[in-house]
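These are my notebook entries on a structure that is new to me. I record what I looked up, topic by topic.

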Amino acid sequence: MNKRIRILFTISNFNTAGSGKVVYDLVHGLDKSKFDVHIACGDNKGAFFKTVEALGVPIHIFETKTHYRPYYSLLFRVRRISKFYKTHNFDIVHSWQWSNDWTEALAARLIGIKWMYTKKAMGFNKHWKIKSFLANFIVTINDEMQQYFPNKNAQKLIPLGIDTTYYSPEHFSKTQSNSFRIITVANLVPVKGIEVLIHAIHRLNDSDITLDILGDNTNDYGQELMQLCGRLGLSGQVVFHGKQADVRPYIVQSDMYVIPTLDQGRKEGMPMALVEAMCMAIPILGSNITGINFVLKEFPELLFPAENAEALSEKIKYIKGLDLESRHQIGEKLRQHCIDHFSMEAFISAHEDLYTKLVKP
């Protein structure tokens, strides 16, 4: 029997970003007869960490990156990470860190271990260049990211996968409503542009339209959005539900999902909240920025200019004016697109093939 490939996934934590769920899905899906999987993360905080623990794979609470400075003692700090890698005899280290840190890559290269990372967000600077130079392989999640690495052949586009069986309207029955229900799900920070959506709804002056906002609204931005709704007289039409562990029951009761991320230097990697909504088979509208337009590349009519509340209001008005069957057909096409291009099976298979090729003599 061939030796299993030992892979270490590194991540800052399982508490603050969507990467944790992606790592969970990948670890859960890999063929354990071929891959011996470990995880290293900075802490064990958050409710989701318990879910990850239930996978039954070794989890090391160990920080695999270190400060760059002072440079004169960098190698001393890096060797601590190298020793950790070597002690556990990893074949591949796959980094899911969100930052541009390159010290864990250096630690792996010093002892000859294959090191790769997934580029999950847009943005590129000198530290990303160093990180990319040191990487044995780079996985990108949208087509625009590939331009960051014009001289690197060891890269591949692997869009994030989603469990299209779990995210399916088949698990729920939709209740009849007299209103046209719009929903958005986001980490409520200013770049998400929720105020653009609120202003678009205000422009329509249509009391039949309601908006459900899912995301932690206890921060300053969330409070500003609530105050904006009050000033615009929309408090009765906009409901803040806070952060929800399971968004599916809310999406399935909606008539449309909107992701209005701003274009102020902001680009999405691959917004999974958008893909989740598409899998639930409802119409979508998204701002025409990197990441969103990658997911919706076969549906350009569902994109609107970022930060343009007037254009968004016209799109909403058009979708609302369609009959139920037409809206249903849009939703079904979006769901089928996810099944065809973003399935979990394809995501897992692509990584298994990549890991196997990386360790071949």
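How do the residues of the lining of the second largest pocket divide into nonpolar, polar and charged? I note first that the model is predicted. I find nine nonpolar, eight polar and seven charged residues in this lining.

Entry on the second largest pocket. I looked up its volume, which is about 580 Å³. I then listed the lining and obtained 24 residues. Nearest the centre of the pocket I noted Lys 174, Ser 254, Asp 255, Leu 324 and Arg 327. I also asked which elements each supply at least two residues of the lining. I recorded strand 8, which spans 180-185, and helix 12, which spans 324-341. Helix 12 gives the most to this lining, with four residues.

Entry on helix 12 and helix 9. Having met helix 12 at the pocket, I looked up its packing with helix 9, residues 272-279. The two pack at an angle of about 120 degrees, and their axes are 7 Å apart. At that angle, helix 9 is therefore oblique to helix 12. On the side of helix 9, I found that Val 275, Met 278 and Cys 279 make the contact. On the side of helix 12, I wrote down Gly 331, Leu 334, Arg 335, His 337 and Cys 338. By class, I have five nonpolar, two polar and one charged residues for this contact.

Entry on helix 6 and helix 7. I took up a second helix pair, formed by residues 194-204 and residues 220-231. At what angle do helix 6 and helix 7 pack? I read an angle of about 10 degrees, with the axes 10 Å apart. Angles under 35 degrees count as roughly parallel, so helix 6 is roughly parallel to helix 7. From helix 6, I noted Ile 194, Glu 195, Ile 198 and His 199 in the contact. They meet Tyr 221, Leu 225, Leu 228 and Cys 229 in helix 7. I sorted the contact by class into six nonpolar, one polar and one charged residues.

Entry on aromatic pairs. How many aromatic pairs does the structure hold? I recorded 16. One of them joins Phe 35 and Tyr 355. I noted this pair as edge-to-face, at 6.0 Å centre to centre and with 70 degrees between the planes. The pair links distant parts of the chain, as its residues are 320 residues apart. Phe 35 is in strand 2, residues 35-41, and Tyr 355 is in helix 13, residues 344-358.

Entry on the backbone. I looked up the peptide bond from Arg 69 to Pro 70 and recorded it as cis, with omega near 0 degrees. Pro 70 is found in the loop between strand 3 (59-61) and helix 3 (74-87). I then turned to Asn 89, in the loop between helix 3 and strand 4 (92-95). Its phi is near 55 degrees, a positive value in a residue other than glycine.

Methods
Residues are numbered from 1 along each chain as its sequence is written. This is a predicted model: local features need pLDDT of at least 70, side-chain atom pairs count only at pLDDT 80 or more; totals for chains, interfaces and linings use all residues. Side-chain values use heavy atoms; hydrogens and water are left out. On a 1 Å grid over the protein atoms alone, a cavity is a set of points where a 1.4 Å probe fits but cannot get out, and a pocket is an open set with protein on both sides within 12 Å along at least five of seven lines; lining residues have an atom within 4 Å of a point. Grid points are joined across faces, edges and corners, and a volume is the space filled by probe spheres set on the points. Ala, Val, Leu, Ile, Met, Phe, Trp, Tyr, Cys and Pro count as nonpolar, Asp, Glu, Lys and Arg as charged, and the others, Gly among them, as polar. Axes are lines fitted to C-alpha atoms, for helices over the stretch in contact, and angles run from 0 to 180 degrees between N-to-C directions. Angles under 35 degrees count as roughly parallel, over 145 as roughly antiparallel, 65 to 115 as roughly perpendicular and the rest as oblique. Contact means heavy atoms within 4.5 Å. Rings of Phe, Tyr and Trp (its six-membered ring) pair if their centres lie within 6.5 Å; planes under 30 degrees apart count as stacked, over 60 as edge-to-face and the rest as tilted.
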